[in-house]
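User: I have a model open on my screen and would like to understand the words used to describe it. Could you take me through them?

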Amino acid sequence: MASNAAPASPEHTGVPPDTEKKAKTAKELIKEQAKAEKLRKFQQKQQKQANAAPTASAKEKKATVEVAGYTEATPTGQKKILKPLDDAYCKAYIPKVVESAWYEWWEQQGYFKPEFDQDGNVKKEGYFVIPVPPPNVTGALHLGHALASSIQDALVRYHRMQGMTVLYLPGCDHAGISTQSVVENMLWRREGKTRHDVGRVALINQIWKWKEDYHNRINTVLRRMGGSFDWTREAFTMDANLSRAVTETFCRLHDEGLIYRENRLVNWCTRLQTALSNLEVDNRELAGRTLIDVPGYDRKVEFGVLTTFKYQINGTEGEYIAVATTRPETILGDTGIAVHPDDPRYKHLVGKHAKHPFLDRLLPIVADTYVEMDFGTGAVKITPAHDPNDFAIGKRHKLENINIFTDDGLLNANAGEFEGQRRFDARYDVVAKLKELNLYIETKENPMIIPLCSKTKDVIEPILKPQWWMRMDEMAKAALDAVEDGRIKIRPDRASRSYKRWLENIEPWCLSRQLWWGHQCPAYCIYMDGTNTEEWVTGRTEEEAFKKAEAKFPGKNITLARDPDVLDTWFSSGLWPFSTLGWPNKTHDLENLFPTSLLETGWDILFFWVARMVMLSLKLTGKIPFSEVYCHSLVRDTFGRKMSKSLGNVIDPIDVMEGITLEQLNAKLYKGNLDPKEVAKATQFQQDAFPQGIPECGADALRFSLIQYTASGEDINFDIKVMHAYRRFCNKIYQATKYVLGTFDKHGKDFVPSETATLSGNESLPERWIISKFNNAVKGVNEAMRARELSHATRIIYSYLYDELCDIFIENSKAIISDGSSEQRASAMNTLYTAIEGGLRLIHPFMPFLSEELWQRLPRRPTEKTNSIMFAMYPQYEESLHDIESEDAYELVLGCAKGVRSLLAEYKINRPTVTVFIQTTNFTLYERVTSQLQAIKSISGKNASSIEVLGHDKATPTGCAVYVVSSSAVVFLKLQGNIDVNEEISKVRNKLEKVIDGVTKQRQLIDSPEFQEKVNGAVQEEATKKLQELLGLQHNYERTVQQFQNLRAGSE
C-alpha cells in the first residue's frame, strides 16, 4: 500500500542534525526522530507531486492568474449558484472561487444559531457550547487566533453534525492596557499629544472609534475563515449587560469582604503609569553585569551588579556599617538597616541609628531573622516603599514608608537634591556622590532577576499605592477541587499540572488599573464636610452607594467621589462564560446552555484567564464554567521566534488565505502602529521569510494545516510552504470529486446512489477494501475527536482521502467501470459515491467550504433531505462494514505492487523488459495474488509488464534484488547485464548500516520513559509503525545482500 504522509509541520522541514556519537536524551531522540520522519515524508510527497503532474501546476497557475477577474454571481445571502465544472474558474481548484458565497448563505439561513426542540429545551442528543476566547480589539488577528478559531470551529461543526444543540459564541475583549496604549501612541505620533492633553472623555471617544474599526476587521477575518459563530449573540466586554455583570460582581464581593482596599506595594509600569498584576510581569534572569534597553532612555542601563557602600553610625566619628544594593537609586528611600539578631558583628549596633549621607534622615538599625549573615556584608538596607521584602520588614519594625518616585519614573521631593531626575540617571549620580563622600566601597557582578512589563518592557518599579485587591485563597481552593475531582478536565496534562501549581501558591489579586479605558470601579470615597474620611462604599448605582454612605455616617453632610481607576481587564474576562449568556439575569441561554462545554485557548493565559473564570464562576453561579479546557500550541515564525508586532513577523490570516506580494507585505508595515525604528527590522524578516510573497492558500488549507501542526503539542513554527502544500491536497479532493461526477455523467446519466451505504454483496475486492478502510477512518477520526487529538484526526483523513481513495481506489476503479459488466459498474459507482461523499462529511469540520461546494454537486441518496453538509450526520463506525479479510487480501496486492515499484526505483530501471517474481508462502496466497495480477501490474507502473507469481513449492529465484512484502510474500527483481556484485553488496550494506542505526534510535525512543509518559498515543502509534517499517527495510537489505553473496559464490 502507498504510504504518502501529510506534509510535515514546518519546524520539521529543515535538514536533520548530524548524528552524534554520544548518547542522546529521550527528548533529543523524540525531536530528532520527528524531524527526520517529517522531512522524509514531506520530501517524498513533494517529489511525487512534482513528478506525477507537472501540467496540473501549470493549469493551477493559469487559474490563479485568471481569478483576478472572477465575480461571484450569487446574490449575497442566497444559496450559491454552482457553475459547471468545465467553466474556466471551475476546472481546477481555486480557493477564492470555491470559498465564495457559502458563508453568507449559512449565516442568512440561520444555520449558526443553536437549535432547540419545540419546548425550547436542548435536543435529546445534548448540547455543545464554546465561548470564543475574546480577541483584543487592539488590532488585526494573527495566526495564533487562526489556530484557535480552526480548532474551535472544527469541534463545533463536528458536534453540530452529531445532531446536538450547538452554540459557538463570538465576542471581543476591550483589552484595557493594550488598547489604551495603542491609541495613546497613535495620538502622540500623529498629534504630539498625551491623554492628559485631550482629556478622559475625548480619549475614550477616540478609543471607541478605534474599537469599531478593528472590531469589524476582526469579524471579517473570522467570517472569512468559516467560523460558524452565532453573530446574533455576539458580546463585547463593555456591552451594557457585561458591564452590569462587572458591577454586580464587584459590589457583591466587596460586600462579602473578598474585595478590599489596601495601601501596599504594586508592580508599577512608569511607561503605562498603571499598576500590573504579577502575571503581567516578565522576570528576566541575569547571570551578571548586563546592559539593557529601557524605554525612554538613549543609553543602555546597567543591571546585574551589586554596589557596596557604608552608612556612618550616628553619634560616632569613624564607625560605619556597610550594606549592598542592586538599585543604588533606592538609597534615597532607605528608612532603616537590618541585621541578624545573632550576628556578633552588629549586636552592639541594634537600637542605634545610621545617618543618611544625602538627606536629613536617621535610619534605625533593627534585628531581624530575615537577614542572611553570610550574604554580602550581613547588613541590609531597608526601603519599605520600594521592595516587597523590605516592606514586610518595615511593617514588623514600624519603619517609615517613603516613596521617592513620581508615577512617570522621576525622583520626587523626598529625594532631596536628586529631585526631578529620571530614576536610572539618578542611579549613576548616586554612586558618583557616594564616591565623592568616600562612602563607596565596591561594585561587583551579581546574578539577579529584573521584572519587566510584558507590554512595554519597562523595568517594573515596586511602589506603594492604595488599590483594590481580591482575596483569592478560598476561591482558589474551590477551583483546585474542581480539577482534582474531575469536574473539569484540562488537556494536555502538563497544563493541568501548571494550573494546580499556580492555584496552590496564589496571592491576592490587584484589581485597580490607573487607566481611562475600561470598567470604572463602582467604588466611592466618602467626604464629610469636604474632608476625605478614607472610607469607601460600593454601589450598582451612585444612589445605592449614597445610601450605604448615609448608613455609615447618619445625619452627616456627606458627598461622594468615584474612584477614577478602572478594573483589570481580566476581571471582566473572568465572567465571560456566563455573562455572555445573560448573567446576572436569568435568561433562557443561561438556564439551558450553562455550564458551557469546552474552553479552547492557549496555555499562556491559563492563569490570566482560565483559573479566574473557574474561581469566579464557582463563586457567583455555583457551577463550573466549562467541563473541559483544551490548551493549544503557540504559533511562532519561520525562525522559531514568538510573533511580535515589533519584529514584523505577525502574519495576517487574510494574507495566507488570499495571497499577497512581498511589496504589499512591506507596505502594510507603514500602515499600522509599528515604531518607525522597527520597520527596517520587520522588512528584513519579510524578505527572508517570504522572498516571493505569500501564495494564495485559502481558508480550508489554512485551517487544516494549522490543526495538523499541533501533533507534537509543542509550539508551531510557521512555514508557508507547508500551508501551500495543503492547497494541493484540496485540489486532490476537488479533482477526485470532479472525476467521480464525470464518471456518473458518462456511465450513468441518471445515477442515483443506493438508499444506504450498506454492502450489496456484489462488491469486488478493491471495493470491499475501500469501504472497510473508510469505516476504519471513521472510527479513528471519531475516537480522535472525542480525545481532542484533532491533529491525529487530520492525519487519518489525509491518509484515507489522499493515499487510499485517490491514489489507489479511484485509479483501480477506472478499469472496473470501463471494462466491467453493468452490475460491476453499478456496484463500483455506488462504492465511489459512498467513499467520496463519506469523505466529504468526514473532512467538513476541518474544510467547511470545499466540502460544502463538492457535497452540493453530488447526487443525494433518496433518504437524504439535508440542505447543507453542515447538518448531514457525521459518519459513524459500522461493525458490519469492518472486513479485515478483504483488507489483508488487498493489502497483500498493494504490498506486492509497492515492492515492485520500490525495486524498480532502487535500481533505476526504466524499461518494460525487466523480469519480476512474486513468491507466496502458501497456495491460498498464491491464488489470491494470481487473481489480482492485472491489478498489481496496473499499480506497479508501465515498467512492470512481466510479473510471474511463484508458489511456495517453487525454487527461490537467484541473482535478484529482494523486497519482503510481509510474512506472506516476497518480490524479486531479476538483475540483468553486467553487475559489479561487490559494488552492489557495498551499496546495500551502507544502506543496511543506516537502517540498523535508525532501528536502534527508534527503539531507544520508544523504550524511553519520557516518551511513554509525555507523548500522546497517536504519536506513539506512529513511532511503532516507523519501527516496523525500518525492521522490514532491514530484512529486505539483509535478504538482498544474501542474494548477491550467493550470486558471487556461484560465479567463483
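Analyst: Happy to! This is a predicted model. A good place to begin is an open sheet of 3 strands, ordered β23-β22-β24 and paired in the antiparallel sense.

User: What makes β23 and β24 edge strands?

Analyst: Each of them, β23 (531–538) and β24 (558–562), pairs on one side only. Neighbouring strands in this sheet are turned by 35 degrees against each other on average, ignoring direction.

User: How do you know that β22 and β23 pair?

Analyst: Two strands count as paired when there are at least two bridges between them. Strand β22 (residues 523–528) and β23 are joined by 5 bridges, so they meet that definition. You can find tyrosine 524 opposite valine 537 of β23.

User: Which helices lie on these strands?

Analyst: Helix α9 (residues 240–255) lies across β22 and β23, at about 110 degrees to β23. Helix α14 (residues 542–552) packs on the sheet too, touching β22, β23 and β24, and its direction makes about 120 degrees with that of β23.

User: Why are β19 and β26 at the edges of their sheet?

Analyst: That open sheet has 3 strands in the order β19-β27-β26, with parallel pairing. β19 (489–491) and β26 (599–602) have a single partner strand each, so one side of each has no neighbour in the sheet. Between β19 and strand β27 (residues 628–632) there are 3 bridges, and lysine 489 stands opposite glutamate 628 in β27. Helix α13 (residues 493–504) lies across β19 and β27.

User: Why is α12 called roughly perpendicular to α18?

Analyst: Helix α12 (residues 473–484) and helix α18 (residues 606–620) pack at about 100 degrees, their axes 8 Å apart. Angles of 65 to 115 degrees count as roughly perpendicular, so this pair earns the name. Among the residues of α12 that meet α18 are Met475 and Ala476, while those on the α18 side include Val614 and Lys619. The contact divides into 9 nonpolar, no polar and 1 charged residues.

User: How do you know that the length of α28 agrees with its residue count?

Analyst: At 1.5 Å a residue, the 23 residues of α28 (residues 884–906) should span 33 Å, and the end C-alpha atoms are 31 Å apart, which agrees. Following α28 is lysine 908, with a positive phi near 50 degrees.

User: What is the mean pLDDT, and where is pLDDT below 50?

Analyst: The mean pLDDT is 88, and 91% of residues reach 70 or more. Residues 1–30 are below 50, with 79 contacts beyond near neighbours in sequence. Residues 35–66 are also below 50, with 43 such contacts.

Note on methods
Residues are numbered from 1 along each chain as its sequence is written. This is a predicted model: local features need pLDDT of at least 70, side-chain atom pairs count only at pLDDT 80 or more; totals for chains, interfaces and linings use all residues. Side-chain values use heavy atoms; hydrogens and water are left out. Helices (H or I, at least four residues) and strands (E, at least two) are DSSP runs, numbered from the N terminus. Contact means heavy atoms within 4.5 Å. Axes are lines fitted to C-alpha atoms, for helices over the stretch in contact, and angles run from 0 to 180 degrees between N-to-C directions. pLDDT is the predictor's confidence in each residue, from 0 to 100. The expected span of a helix is 1.5 Å times one less than its number of residues. Angles under 35 degrees count as roughly parallel, over 145 as roughly antiparallel, 65 to 115 as roughly perpendicular and the rest as oblique. Ala, Val, Leu, Ile, Met, Phe, Trp, Tyr, Cys and Pro count as nonpolar, Asp, Glu, Lys and Arg as charged, and the others, Gly among them, as polar.
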